[in-house]
Amino acid sequence: MKSCITLSLVSSLKGGPWVLWDNLADGFKKAAEFGFDSLELFTDGPKAGAPNELHNLLNQTGMGLGAVGTGAGKVLNGLTLTDKNPDIRAKAISFIRDMIDFGAQYNAPAIIGSMQGSHGEQVSREQAISWLQQSLEELGQHATSRGVTLIYEPLNRYETNLFNHYLDACELLDQLSTNGISLLADLFHMNIEEDDIADSIKKGSKHLGHVHFADSNRRPVGNGHTNMEPIAQALKDVGYEGCISAEAFAWPDPLTAAQTTIDSYKKYFS
Ligand code: LER
Ligand code: MN
């Protein structure tokens with residue numbers, strides 16, 4: 001497994017669940033000093049820093065790019081894959097394609113979280129799920145053509161009404177013809193929704209592609225009441241080799257949050 005820490009380059013979203021909030025160079029420097037293997041980026045679109053800067057920082061630090069988040073497509077631009085407006089759905093697909101291409105340059109998958117959207121008064125659940133399936137088919141194929149996977153993230157009930165449970169999302173993937181999609185186990189969302197997080201991970205391990213590492217209250221692991229031991233054991237038992245990525249609040253501040261996270265990573269995974 002690989003330790004990973006989130007860096008947000010979108011300062012207007014300060015207070016959101018990302019640990020580091022520096023510019024690209026300072027973020028990499030800090031993550032490397034703490035000993036993280038990789039870094040997950042949250043950007044406002046398919047670019048980060050000056051031309052070649054990301055490439056150079058990855059080379060200089062020896063770190064990997066763990067993933068790129070697409071949430072800004074929704075939060076900053078109002079784009080989702082299940083909007084009633086076909087123009088917005090098309091723009092959402094185009095945004096995610098660009099994010100896939102961006103991440104693929106550095107061998108990193110893109111993550112679809114909030115851009116999945118929700119069903120509602122004007123869009124039935126069946127319709128929203130059908131649009132989501134079509135989008136995942138197209139984007140999964142696109143990711144495969146770029147040599148990466150695309151990661152779909154079930155979210156808790158306060159953020160989407162499409163897929164809240166990890167094993168329901170596994171069923172969604174089983175029905176797709178593309179093999180280009182894997183799933184994100186976000187331990188914060190799962191703490192709200194799952195009966196037994198470790199059991200869901202074990203049952204759905206064939207689809208697991210990424211882990212968001214946060215405690216019950218979305219603070220860095222060690223600050224809440226999630227029982228991490230059986231979850232870590234499940235990840236080891238299924239042979240998970242991907243990122244354990246801290247998507248958590250920078251609580252009480254980014255550096256303390258990074259230290260708590262790397263300490264917890266070592267405690268449970270090394
Ligand atoms: C993104 O990874 C996530 O977990 C969501 O809560 C963002 O809306
Ligand atoms: Mn997440």
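Q: Helices (H or I, at least four residues) and strands (E, at least two) are DSSP runs, numbered from the N terminus; read in those terms, where is N107 found?

A: The model is a predicted one, and in it N107 is found in the loop that lies between α4 and β4. Its phi is near 65°, which is a positive value in a residue other than glycine. N107 counts as exposed because its relative accessibility is 61%, the cut-off for that class being over 50%.

Q: Phi of N52 is also given; what is its value, and is N52 buried or exposed?

A: Phi of N52 is near 70°, again positive in a residue other than glycine, and N52 is found in the loop between β2 and α2 (53-61). With a relative accessible area of 54%, N52 is therefore classed as exposed.

Q: Turning to the fold, how many strands make up the closed barrel, and in what order do they run?

A: Eight strands form the closed barrel, in the order β1-β2-β3-β4-β5-β6-β7-β8, and their pairing is parallel. From one strand to the next the twist averages 30°.

Q: How does one read an individual strand pair, and which residue stands opposite T6?

A: One may count the bridges and then look at a pair of opposed residues. Strand β1 (residues 2-8) pairs with strand β2 (residues 38-42) in the parallel sense, over five bridges, and T6 stands opposite E40 in β2. Helix α10 packs on the sheet, where it touches β1 and β8, and its direction makes about 160° with that of β1.

Q: Which strands does helix α4 lie across?

A: Helix α4 (residues 86-104) lies across β2, β3 (64-69), β4 (110-112) and β5, and it runs at about 175° to β3.

Q: What should one expect of the side chains along a strand, and how many residues of β6 are buried?

A: In a regular strand the side chains alternate between the two faces of the sheet. Strand β6 (residues 181-186) is mostly covered, since six of its six residues are buried, and buried here means under 20% relative accessible area. On one side, β5 and β6 run parallel and are joined by three bridges, with I151 standing opposite S182 in β6. β6 also pairs in the parallel sense with strand β7 (residues 208-212), over four bridges, and there A185 stands opposite V211 in β7.

Q: What kind of unit do β5, α6 and β6 make?

A: Taken together, β5, α6 and β6 make a β-α-β unit that is right-handed.

Q: How does one read a metal site, and which protein donors does the manganese ion (ligand 2) have?

A: One can begin with the donors, go on to the angles, and then place the residues along the chain. The protein donors of the manganese ion (ligand 2) are E153 (OE), D186 (OD), H212 (ND1) and E247 (OE), and they lie 2.1 to 2.2 Å from the ion. The arrangement is octahedral because the six donor atoms around the ion subtend angles of 70 to 172°. Along the chain, the donors follow the spacing E-x32-D-x25-H-x34-E. E153, in the loop between β5 (150-152) and α6 (166-174), and E247, in the loop between β8 (243-246) and α10 (254-269), link distant parts of the chain, being 94 residues apart. Both E153 and E247 are buried.

Q: What is the geometry of the peptide bond from W251 to P252?

A: The bond from W251 to P252 is cis, with omega near 0°, and P252 has its place in the loop between β8 and α10.

Q: How can accessibility and contacts be read together for a single residue, and why does S38 count as buried?

A: S38 has its place in strand β2, and it counts as buried because its relative accessibility is 3%. Leaving aside neighbours within four places in sequence, S38 is in contact with K2, S3, C4, I5, M63, G64, G66 and C243.

Q: And N191: in which helix is it found, and which residues is it in contact with?

A: N191 is found in helix α7 (residues 187-193), and it is partly exposed, with a relative accessible area of 26%. Apart from neighbours within four places in sequence, N191 is in contact with I197, S216, H225 and T226. N191 and D263 are 72 residues apart in sequence, and in space they are 21 Å apart, C-alpha to C-alpha.

Conventions. Residues are numbered from 1 along each chain as its sequence is written. Chains are lettered from A and ligands numbered from 1 in the order in which they are written. This is a predicted model: local features need pLDDT of at least 70, side-chain atom pairs count only at pLDDT 80 or more; totals for chains, interfaces and linings use all residues. Side-chain values use heavy atoms; hydrogens and water are left out. Donors are N, O and S atoms within 2.8 Å of the metal (3.2 Å for Na, K and Ca); water is not among the atoms, so sites may look incomplete. Four donors count as tetrahedral if all angles lie between 85 and 135 degrees; four count as square planar and six as octahedral if opposite donors are over 155 degrees apart and all others between 65 and 115; anything else is irregular. Buried means under 20% relative accessible area, exposed over 50%, partly exposed in between (1.4 Å probe, protein chains only). Two strands pair if DSSP finds at least two bridges between them. A crossover is right-handed if, with the strands pointing away from the viewer, the path from the first strand over the helix to the second runs clockwise. Axes are lines fitted to C-alpha atoms, for helices over the stretch in contact, and angles run from 0 to 180 degrees between N-to-C directions. Contact means heavy atoms within 4.5 Å.
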